[in-house]
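Notebook open, coffee poured. I want to go through the ligand site first and then poke around in the loops.

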Amino acid sequence: MKLRDNARFDTICIHAGQVPDPSTGAIITPIYQTSTYVQEALGQHKGYEYARTQNPTRAALEGNIAAIENGRAAFAFASGMAAEGAVMTLLQSGDHVVVTDNTYGGTYRLFERVLRKYQLDFSYVDTSDISQIDAAIRPETKMLFLETPTNPVLRLTDLEAACGAAHARGVFVVVDNTFASPYVQRPIDFGADIVVHSTTKFLNGHSDSVGGVVVAVREDHVEWLRFIQNAEGAILGPMDAWLVLRGTKTLPIRMERHNANAQVLAEFLASHPKVTRVYYPGLPSHPQHALAKRQMRGFGGLVSFELGSLEKARTLLNSVRLMALAESLGGVETLISHPASMTHASVPPDRRQQIGITEDMVRISVGIEDVDDLREDLAQALDAV
Ligand SMILES: Cc1ncc(COP(=O)(O)O)c(C=O)c1O
């Protein structure tokens, strides 16, 4: 099981970072549920001293995701937010960050409620417009933090153009790739310096683990992230690392089905008389459909739509039977949610309005069930509206 340098994406997902367990030959990397490692003699060990610093299960996952995202190294954390927190320690007080304006609500909360206390400054701009990125960069700007597609309005940023604009001004680029997954897009291939994920979502894919990962390319970033992962210690535990490692093996076939099912539901919703607007990059009516075709492989598993009033959205959410009313996304089962009161409740109402998160908006994380069952469930729920 030696992975060749030219191995293709689906093969990388299954094999990268893993070798048969050296002590037994077990094909699946074991869950090394240990806090420490016995040393043969003073100063003599097998590369593992203490489990906050090194764990073989976590190392296998990190090697796997680094290869999947085409980065130099990856570091796994206890949650997506812990991963983002670690990335932000690359900055110092006085530094400024340009951020996609409708970034995930938890990211906004971290930046505004926590990191401002440490004299970091943030400007939120519509990064789908490269001139707004350019205009927001100033001498203290160190980082451009992008999310594409955004949650829940699925607006895209042209990664190649944004990375070009940032690098021309000496600014490094971080992309939260949670929503797309590396099957759909690999930001490092477009010039990004760092990719972060909530592995809780598509990478794990089975709604049974919370975690995060940072993938880096630059040697100085890799060195710092290795240091901070140990120094702050917000590591991913071995059981969760094992679950995510199991998840990434099926990422390509899951994403193919997520993409296909979401496309069918988006088209169904777009043709339904009770639906006033659909947001999905795979629809020709999406303003950035051409960019989506260029930058993404398929259009992802998230579909948002509007029904005209909060009351109608509430009726629909209370009428679905197969789809589960729940936060989160990226699992094999379909979840439906109300962004304004659920995932984006921590975003102030006026900001929500500014970035287009309306009260009548519903978001679906389309799972990999039989799409006919999903469509029928939506149809009967829409009948109740
Ligand atoms: C785009 C995005 N980034 C980051 C996070 C945070 O990840 P976690 O919940 O694993 O901390 C989420 C969670 O929903 C997310 O959707």
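Below are my entries on the ligand, the cavity, an aromatic pair and some odd backbone spots.

**Entry 1: the model.** I note up front that this is a predicted model.

**Entry 2: the ligand shell.** Which residues surround the ligand? I get Ser79, Gly80, Met81, Glu84, Tyr104, Glu147, Asp176, Thr178, Ser198, Thr200, Lys201 and Gly211. Sorted by character, that shell has six polar, four charged and two nonpolar residues. I also checked which element gives the most to the shell, and helix α3 (residues 80-88) does, with three residues.

**Entry 3: polar contacts to the ligand.** I looked up three of these. Asp176 has an N or O atom of its side chain 2.6 Å from a nitrogen atom of the ligand. Lys201 puts a polar side-chain atom 2.8 Å from a ligand oxygen atom. With Met81 the backbone does the work: one of its N or O atoms is 2.9 Å from an oxygen atom of the ligand. Then I asked how much of the ligand the protein covers. On its own the ligand has 390 Å² of accessible area, and the protein covers 90% of that.

**Entry 4: the cavity.** I searched for cavities of 30 Å³ or more and the count came to one. The largest cavity holds about 30 Å³ of space. Its lining is made up of Pro149, Leu154, Phe179, Ala180, Tyr280, Pro281, Phe299, Gly300, Gly301 and Leu302. Eight of the lining residues are nonpolar, two are polar and none is charged.

**Entry 5: an aromatic pair from the lining.** Tyr280 and Phe299 both turn up in that lining, and I wanted to know how their rings sit. The structure has seven aromatic pairs. For Tyr280 and Phe299 the ring centres are 6.4 Å apart and the planes are at 75 degrees, so I log the pair as edge-to-face. The two residues are 19 apart in the chain, and the pair links distant parts of it. Tyr280 is in the loop between β8 (277-279) and α10 (289-295), while Phe299 is in the loop between α10 and β9 (302-306).

**Entry 6: the loop after β4.** Pro149 and Leu154 are on the lining list too, so I went to their loop. Pro149 sits between β4 (141-147) and α6 (159-168). The peptide bond from Thr148 to Pro149 is cis, with omega near -5 degrees. Pro152 is in the loop between β4 and α6 as well, and the bond leading into it from Asn151 is cis, with omega near 0 degrees. Leu154 also lies in the loop between β4 and α6. What is the sign of phi at Leu154? I find it positive, near 55 degrees, in a residue other than glycine.

Notes
Residues numbered from 1 in each chain as written. Predicted model: local features only at pLDDT ≥ 70, side-chain atom pairs only at ≥ 80, totals over all residues. Heavy atoms only, no water. 1 Å grid on protein atoms, 1.4 Å probe; cavity = no way out; pocket = protein on both sides within 12 Å on 5 of 7 lines; lining within 4 Å. Points joined across faces, edges and corners; volume = space filled by probe spheres on them. Nonpolar A, V, L, I, M, F, W, Y, C, P; charged D, E, K, R; others polar. Near = heavy atom within 4 Å. Polar contact = N/O pair within 3.5 Å; in protein donor to acceptor, adjacent residues only side chain to side chain. Areas by Shrake-Rupley, 256 points an atom, 1.4 Å probe, with all protein chains shown as cover. Helix = DSSP H or I, 4+ residues; strand = E, 2+ residues; numbered from the N terminus. Phe/Tyr/Trp six-rings, centres within 6.5 Å; stacked < 30°, edge-to-face > 60°.
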